[in-house]
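Trainee: Before we begin, may I ask that we read this model feature by feature, starting with the surface?

Mentor: Certainly; please have the structure in view.

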Amino acid sequence: MFDMTLCIIWRNNNTVHMAADSRLSFGSARADIAIKISREYYSIRGADQGANRGAVIADGDVAFCFAGSGSGSVFMKESLSGILGELQAVPGWHGVSFADTAGLIFEAYKIITLRLTAAIFDAGFVDLVVAGLCPVQGDYRTFICKTKVIKSGEGATQEHTLTEVLSDQPSHMFIGNGAPSARTKVDALGRSPTSRDLLRILKEVIDDPTVPGVGGAIQYGFFDKTTFATRGILEVTPGDDVDPSQIHYWRGALDLRDQAFEDKFGISYPMIALDEFFP
């Protein structure tokens with residue numbers, strides 16, 4: 001369904017990781033500007049009692065990973081922004097597991113997908129992965145929201161599904177049109193891939209001209225307890241002698257080492273170095 005993207009979601013070392021490229025496609029036109037991995041704070045509290053807010057039952061980050069429509073990704077994330085931090089649970093009526101939080105996100109996913117695809121058709125479809133630390137199970141849980149188009153003589157309908165994935169560790173999954181190439185590279189390893197392997201494979205697919213829908217800088221995030229920590233990429237342009245102009249701090253389309261940024265503020269956004277994964 002998607003003519004762009006390679007997203008990799010994996011579980012090992014008792015946490016969940018997400019990584020993606022930055023390419024956004026508009027037919028044959030492309031721009032490496034998309035942020036496909038992000039987070040949103042959520043909080044579930046008991047019912048308010050008059051002017052007294054209910055006690056917090058569970059809170060933390062929801063990690064989001066998007067593959068598909070850039071418009072759909074933005075609208076889904078922004079529609080939930082702020083709302084997830086104001087959830088209330090009535091004892092005996094509402095559940096508070098991460099599956100319940102994912103279920104709320106899924107309801108928003110269905111509404112926005114139906115309305116957006118009614119306007120822009122196939123360009124509105126998105127696969128959405130959400131993950132978080134479950135306060136009931138005490139473990140990370142990951143879910144994927146997907147849409148399947150069912151065609152018949154009377155037209156086409158949509159079937160929306162919410163499925164739990166990555167229940168075992170180590171385990172991984174690929175989304176997007178770069179997935180077949182990534183799977184081939186994993187199969188060639190002949191073993192379960194490490195985090196280093198998966199990030200290296202993502203970089204190789206980004207650099208592969210036969211997969212034009214995947215490109216741009218890597219973006220990456222992982223869970224540290226209840227916090228989903230995103231990271232930019234420190235990259236050094238190859239050359240005989242490294243000078244400051246060859247050092248880049250990428251966050252999607254933005255090179256935070258660009259002089260235009262450094263003239264305004266110092267930016268301490270955390271980075272990982274590609275050399276850590278591709279020595």
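Trainee: How much area does the protein chain expose, and what share do carbon and sulfur atoms supply?

Mentor: Accessible areas come from the Shrake-Rupley method with a 1.4 Å probe, and for residues only the protein chains shown count as cover. The protein chain exposes about 14,000 Å², and 54% of that area is supplied by carbon and sulfur atoms. Please note that this is a predicted model, in which local features need pLDDT of at least 70 and side-chain atom pairs count only at pLDDT 80 or more, while totals for chains, interfaces and linings use all residues. Residues are numbered from 1 along each chain as its sequence is written, and side-chain values use heavy atoms, with hydrogens and water left out.

Trainee: How many helices and strands does the protein chain have?

Mentor: Helices (H or I, at least four residues) and strands (E, at least two) are DSSP runs, numbered from the N terminus. The protein chain has 6 helices and 16 strands. Its radius of gyration, taken over C-alpha atoms, is 20 Å. The globule rule, 2.2 Å times the number of residues to the power 0.38, gives 19 Å for 279 residues, so the chain is as compact as a globular protein of that length.

Trainee: Which residues have the most contacts inside the largest nonpolar core?

Mentor: A nonpolar core is a set of buried Ala, Val, Leu, Ile, Met, Phe, Trp, Tyr and Cys residues joined through side-chain atoms within 4.5 Å; buried means under 20% relative accessible area, exposed over 50%, and partly exposed in between (1.4 Å probe, protein chains only). The largest core has 24 residues, and those with the most contacts inside it are Val-62, Phe-64, Leu-84, Ile-105, Leu-128 and Val-130. Among the elements that each supply at least two of its residues are strand S6 (56-68), helix H2 (98-120) and strand S8 (126-133). The largest share, 7 residues, comes from H2. A second, separate core of 21 residues includes Ile-8, Phe-174, Val-186 and Leu-199.

Trainee: Is Val-214 buried or exposed?

Mentor: Val-214 is buried, with a relative accessible area of 2%. Its place is in the loop between helix H4 (195-206) and strand S12 (219-224). Contact means heavy atoms within 4.5 Å; leaving aside neighbours within four places in sequence, Val-214 is in contact with residues including Thr-5, Leu-6, Asp-21 and Arg-23.
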